[in-house]
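Reader: Please take a close look at a single part of this model, one strand together with what surrounds it. I would ask for one connected account, with the terms defined as they arise.

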Amino acid sequence: MIETGRRQAPTKAPGSAGWAQATYRPHCAVIPRFVCPDFAGEICWWLLCANLRELPVSPDHRPAPWMLDLPNVSLVCLDTRHPELAVFAMRRCLDQARFGEAVLLTVADYVSPDQRIRVQPVMRLRSVADYSAFIIKSLGAQVGGSHVLVMQWDSFILDAAAWDPAFLDYDYLGAPWPHRVPPVGNGGFSLRSRRLLDALQDPAIRDFQPEDYCICELYRDRLEGEHGVRFAPPELARRFSFELEAPSGPAFGFHGLFNFHRALSEPELLAWLDKAPAGLLRSMQGRRLVKNRIQAGRSAPARKILQVRARGGLK
C-alpha cells in the first residue's frame, strides 16, 4: 500500500513487475535504492501517480511521507549523561522509520517527552568502559526482536530510502574503519542481530573496551568460528552508515558530531548548538566540526562553537 494522506491506494503486488515501495517527498516519489538502484531518487511523484488510477495527478497533491517499516528491529540508545540529546537523535530516526520498539536506556528519573520512546531505567554509567560492558553483556536482556539498531546521541537515520533488506542478512553492520583490518565496523550506529547478542554471553569474552573493537576485531574469529556470526562486507556497510570516511553515495545513517554538517541543515545545526552542553563543543569532535564547517563555507555554526571553545577547557 502507498499512504497518500487521503486514502490507501493499492499498488501492484510486491514482487510483481513494476512494483515499487515509494518514499515521498514534496513533488516527488523517491524509489528506494534496494528496489531499483538505477533510478533511486530519480522518479518524479507525478510519474508514479500517473500509474495509480485512483490517485489524482495534480500539482496540489501532497502525498504523506513514506515510513520504513522495521517491525522486528528494536531502536536502542544507552545514555545516562545526555538523555535529552539521545531523544533528539531517536526522534530523527522515528520520523523516518517504524520500529518494533524504541528504547532509551537511561537514569530512572528521566521522563521521555516523546510517547514513541520507552524509557528503561539503568544504573548511571560512570565511564566509557561501563558503556562497553553493558552493550556487550547486558543489551540483549533489554530488547526483543531479531535485530537491534544501536545508536548514540550523535547518530541517527539520514535517509530511510537507502535501507536495504540485505542489511538484515548479517549479524553486525557498522560504518567501515579506514584504519583497521577488518574494517567493519563502528558501533555508534550499528545493526546487531539476536544471534550476536546471545553469542556475546560466551564466558570467554571478557574484554569489553571499546565494545565495537572487541566485537569486530578482538573476538571476531571466535564469534565467527564458534557462533556462526556474520559480519557485513565493507561495500554493504558503506551504504548502511559512515563515520570516519566521507560518504561516497546515499547512506542509511551516520555517526559522529563531526559529521553533523552532513546531517543537519544550517538552521537545524544552529538550534542544536544552542542546547548542546559546552563540554561537547569543547571536545575533539567539536573541533573537527568547526573545521568541517569552515571548509564547507558555513561560518555561522563554526563561530558559535568557537565562542564556546574560547571560554576554556579545549581539547
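Author: Two strands are taken to pair if DSSP finds at least two bridges between them. Strands (E, at least two residues) and helices (H or I, at least four) are DSSP runs, numbered from the N terminus. This is a predicted model, in which local features need pLDDT of at least 70 and side-chain atom pairs count only at pLDDT 80 or more, while totals for chains, interfaces and linings use all residues. Residues are numbered from 1 along each chain as its sequence is written, and side-chain values use heavy atoms, with hydrogens and water left out.

The strand chosen is β11 (190-193). It pairs with β8 in the antiparallel sense over four bridges, and three bridges join it, also antiparallel, to β10. Serine 190 in β11 is the bridge partner of valine 150 and likewise of glycine 174.

In a regular strand the side chains alternate between the two faces of the sheet. In β11 both faces are covered: Ser190 and Arg192 on one side, and Leu191 and Ser193 on the other, are all buried, where buried means under 20% relative accessible area, exposed over 50% and partly exposed in between (1.4 Å probe, protein chains only).

Ser193 is touched by tyrosine 170, which also contacts His147, Arg230, Phe231, Ala232, Pro233 and Leu236, not counting residues up to four places away in sequence; contact means heavy atoms within 4.5 Å. Tyrosine 170 is found in the loop between β9 (155-157) and β10 (172-174), and counts as buried because its relative accessibility is 17%. Its C-alpha atom is separated by 9.7 Å from that of histidine 147, although the two residues are 23 apart along the chain.

Helix α3 (residues 128-137) also reaches the strand. Its buried residues are Tyr131, Ser132, Phe134, Ile135 and Ile136, and these pack against β11 as well as β5 (68-78), β6 (97-106), β8 (147-151) and α5.

Towards α5 (residues 211-218), the axes come within 8 Å and cross at roughly 50 degrees. That makes α3 oblique to α5, since angles under 35 degrees count as roughly parallel, over 145 as roughly antiparallel, 65 to 115 as roughly perpendicular and the rest as oblique. Tyr131, Ser132, Ile135 and Ile136 in α3 meet Glu211, Cys214 and Ile215 in α5.

Key
Axes fitted to C-alpha atoms, helices over the stretch in contact; angles between N-to-C directions.
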